[in-house]
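Good morning, and thank you for making room for this on the agenda. I would like to walk you through one structure, and I ask you to keep it in view while I talk.

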Amino acid sequence: MFFSQAGARPRMWEASPSEYKKWVEVFKACDEENKGCLSRENFKVAVVMLFGYKPSKIEADAVMSSVDPNTSGILLKEFLDIVRKKKEAQLYRNEIRHIFTAFDRHYRGYLTLEDFKKAFKQVAPKLSERIILEVFRCVN
């Protein structure tokens, strides 16, 4: 189901047991010294293993600044929460991309006013053309 059909973003995405197990295994593999937490560098390796990209300095800084200063890194519980949120955001972006692609009928990478009108006629047929034009101007 499209999120737009559900009315909003999902409240919370839950990992399957096998996915959750994979996250725990990655955490343990990256916790080289078995301290029960990940350093900044180990966190970056874990993100590469799970998401296929190296986090930027800004992303790593944001994660590390949210870590309890009384610990020497990211605890498993914190790591699992971070990964769940990243996965949730990834799925949301993919859903948005999927919706956009459905309305980009000519595969141009953008929506024309006509594409926009056709899309709104499908999802909100009673919406006036004036409102559709205003929305198009706001996003264009």
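I will take two single residues, then a pair of helices, and then some salt bridges.

Before any of that, please bear in mind that what you are looking at is a predicted model, and that the values I quote are computed from it.

Let me begin with A60, which sits in helix α4, the stretch from residue 57 to residue 65. Is A60 buried or exposed? Its relative accessible area is 0%, and because the cut-off for calling a residue buried is anything under 20%, A60 is classed as buried. If we set aside the neighbours within four places in sequence, the residues that A60 contacts are R40 and K44. For a sense of distance across the model, you can go from A60 to K118, which lies 58 residues away along the chain, and find 42 Å between their C-alpha atoms.

The second single residue is N42, and its place is in helix α3, which covers residues 40–51. N42 also counts as buried, in this case with a relative accessibility of 16%. Once residues up to four places away in sequence are left out, N42 touches C30 and E32.

Now to the pair of helices. In general, the packing of two helices is described by the angle between their axes and by the distance between those axes. Here the two partners are helix α6, residues 113–123, and helix α7, residues 129–139, whose axes come within 10 Å and cross at roughly 125°. Why do we call this pair oblique? Angles of 65 to 115 degrees count as roughly perpendicular and angles over 145 as roughly antiparallel, and the crossing of roughly 125° falls in neither range, so α6 and α7 are oblique to each other. Their crossing is right-handed.

Which residues of the two helices meet? From α6 there are L113, F116, K117, F120 and K121, and from α7 there are E129, I132, L133, V135, F136 and V139. Sorted by class, that contact is made up of 8 nonpolar residues and 3 charged ones, with no polar residues.

That brings me to the salt bridges, of which the structure holds 13. As a general point, side chains of opposite charge can pair when their charged atoms come close.

I will start with D81, which forms a salt bridge with R84, with 2.8 Å between the closest N and O atoms. D81 also forms a salt bridge with K85, and there the closest N and O atoms are 3.2 Å apart. Both pairings lie in helix α5: R84 is 3 residues from D81, which means a separation of about one helical turn, and K85 is 4 residues from D81, again about one helical turn. As for accessibility, D81 is partly exposed at 31%, R84 is buried at 14%, and K85 is partly exposed at 47%. D81, R84 and K85 belong, together with E88, to a network of linked salt bridges.

My last example takes us back to helix α7, where R130 and E134 are 4 residues apart and therefore separated by about one helical turn. The two form a salt bridge whose closest N and O atoms are 2.6 Å apart. R130 is exposed, with a relative accessible area of 53%, whereas E134 counts as partly exposed at 37%.

Notes:
Residues are numbered from 1 along each chain as its sequence is written. This is a predicted model: local features need pLDDT of at least 70, side-chain atom pairs count only at pLDDT 80 or more; totals for chains, interfaces and linings use all residues. Side-chain values use heavy atoms; hydrogens and water are left out. Buried means under 20% relative accessible area, exposed over 50%, partly exposed in between (1.4 Å probe, protein chains only). Contact means heavy atoms within 4.5 Å. Axes are lines fitted to C-alpha atoms, for helices over the stretch in contact, and angles run from 0 to 180 degrees between N-to-C directions. Angles under 35 degrees count as roughly parallel, over 145 as roughly antiparallel, 65 to 115 as roughly perpendicular and the rest as oblique. A crossing is left-handed if the near helix is turned anticlockwise from the far one by less than a right angle, and right-handed if clockwise. Ala, Val, Leu, Ile, Met, Phe, Trp, Tyr, Cys and Pro count as nonpolar, Asp, Glu, Lys and Arg as charged, and the others, Gly among them, as polar. A salt bridge is a side-chain nitrogen of Lys or Arg within 4 Å of a carboxyl oxygen of Asp or Glu.
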